[in-house]
Amino acid sequence: MISEIKNNETKICKKCGRELPLSKYSKIYGKAWSVTCKDCIIDTRTKKYYENGLTLYNTDKSMRTKRNYKTIHKSGILTKAVSGIAHIAKDERFVRLLDYKDTWISNYGRSIVKDGDRYKLLRGSCSHDDEELYYTLDKNVYFKTKKEWGHRRKEVKASDLVIQTFIVNYDMLNNTCIWHENNDVKDNYYKHLYPVTELQYGALKQIYDENGAVTETQIMDIINSVEYKPDNWNPWHFRRTYEGIGYLGADDVDYNSDEFNRWKNMIQRCYNKKVHVYKPYYKDKSVCEEWRNFANFRIWYREHIIPDEKLDLDKDLLVPNNNVYSPETCAFMTHYLNTVFEGRGVKRTIEKKEDGFKVQMDILSKKMDVGTFDTKEEAYKGFSRYKEKYIKELAESCKGKVQDCVYNAMLNWKVEIAD
């Protein structure tokens with residue numbers, strides 16, 4: 001019989017049968033060596049942890065992917081009356097793409113660009129590789145060497161733009177494929193597109209090849225089936241652990257990173273009741289479905305952040321009266337710019353003087369004399385005109401230093417006259 005311990009230096013693990021140095025074992029209460037090596041103990045715990053996660057995933061409906069569509073704000077819609085381009089269906093809507101120069105995409109996959117004062121419908125081209133429709137667009141990107149925003153020509157798949165604009169994509173990190181209803185890649189109607197993983201796409205293709213059709217129920221069952229999740233998928237990463245809303249969506253999270261801290265703070269601002277005690281103005285704010293997944297927010301963050309710049313995540317400029325943090329409503333900008341567009345960021349003072357009502361504007365302790373007016377009503381109007389003029393001048397000074405969508409929103413900003 002082979003001794004379990006040889007020369008008091010090795011030991012055979014009862015689980016895996018390997019003969020290993022004692023350093024691979026733990027001492028129980030500092031006395032006897034365990035009979036199972038550390039590797040097997042870790043593997044057992046990991047397996048148990050994963051199995052518990054699967055049990056949770058199968059019972060917690062909040063962890064499942066749903067079929068949801070995005071709410072489109074009217075400010076981003078290009079109407080037929082403005083473009084002069086006829087719609088192909090009653091429900092067709094052209095929505096502005098924030099990351100592309102003067103470009104709109106419709107829920108049918110058609111694209112319009114503005115060329116000078118004219119709007120024109122893009123033809124696009126079909127790829128020989130996948131037979132999908134592609135557009136060549138000018139993407140607004142930050143050039144690190146020039147330290148300014150500019151444009152780069154890029155081929156973009158129409159179906160990708162439709163999903164990005166109209167469909168809630170719960171797992172952008174892993175959903176690298178698109179399933180078209182009836183496997184018709186020429187059909188880019190938003191209700192016929194599904195963001196899926198490679199494994200899910202393969203499973204759907206197999207069903208289609210065998211039956212000639214795939215039902216909505218079959219699609220959603222495969223999307224939510226553990227069998228077709230990516231190899232690195234872990235159910236615990238999709239548990240709503242942050243304020244009962246947010247989840248990680250990835251296994252490579254740097255908890256000390258700026259991207260994670262910004263995401264966590266955003267979730268807390270909107271959903272933590274303790275925060276609402278001293279910041280009650282966040283009570284009616286929310287985070288969109290996509291950004292509740294940290295991995296989704298991280299993708300957007302890395303594409304839009306300017307390295308080595310101190311920037312705020314602003315939600316008040318691109319969409320008037322906005323209460324939702326989302327890729328369609330947010331942009332990075334300096335703290336000063338962010339303050340200008342916060343409802344509580346700009347202070348207005350009206351002081352009664354002998355010669356009329358003196359008005360001042362205060363932004364981060366920077367005081368500006370607006371003027372003196374005969375009546376209070378004129379003072380309110382004068383303040384609004386002054387602020388609009390100030391914002392337009394600020395926009396011109398920021399051109400190239402901010403995204404196009406931020407610059408355009410500043411130029412078009414309207415100040416409400418409030419007493």
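## Salt bridges, a helix and two cores: worked exercises

The side chains of Arg262 and Asp258 meet in a salt bridge, 2.7 Å from N to O (a salt bridge is a side-chain nitrogen of Lys or Arg within 4 Å of a carboxyl oxygen of Asp or Glu). This is a predicted model, where local features need pLDDT of at least 70 and side-chain atom pairs count only at pLDDT 80 or more, while totals for chains, interfaces and linings use all residues. Residues are numbered from 1 along each chain as its sequence is written, and side-chain values use heavy atoms, with hydrogens and water left out.

**Exercise 1.** Work out how Arg262 and Asp258 are placed along helix H6, and how covered each one is.

*Solution.*
- Step one, spacing: the two are four residues apart in H6, so about one helical turn separates them (helices are DSSP runs of H or I with at least four residues, strands are runs of E with at least two, both numbered from the N terminus).
- Step two, cover: Arg262 counts as buried because its relative accessibility is 17%, whereas Asp258 is partly exposed at 38% (buried means under 20% relative accessible area, exposed over 50%, partly exposed in between, with a 1.4 Å probe and protein chains only).

**Exercise 2.** Do the same for Glu377 and Lys381.

*Solution.*
- Step one: their side chains form a salt bridge at 3.7 Å, N to O.
- Step two: they sit four residues apart in helix H10, so again about one helical turn lies between them.
- Step three: Glu377 is exposed, with 53% relative accessible area, and Lys381 is partly exposed at 35%.

**Exercise 3.** Now try Glu92 and Arg110: are they buried or exposed?

*Solution.*
- Step one: they form a salt bridge, with the closest N and O atoms 3.0 Å apart.
- Step two: the pair links distant parts of the chain, 18 residues apart, with Glu92 in the loop between helix H2 and strand E7 and Arg110 in the loop between strands E8 and E9.
- Step three: both are buried.

**Exercise 4.** Find which element gives the most to the largest nonpolar core.

*Solution.*
- Step one: this core has 31 residues, and Leu317, Leu318, Met361, Val406 and Met410 have the most contacts inside it (a nonpolar core is a set of buried Ala, Val, Leu, Ile, Met, Phe, Trp, Tyr and Cys residues joined through side-chain atoms within 4.5 Å).
- Step two: among the elements giving two or more residues are E19, H9 and H11.
- Step three: H10 gives the most, with seven residues.
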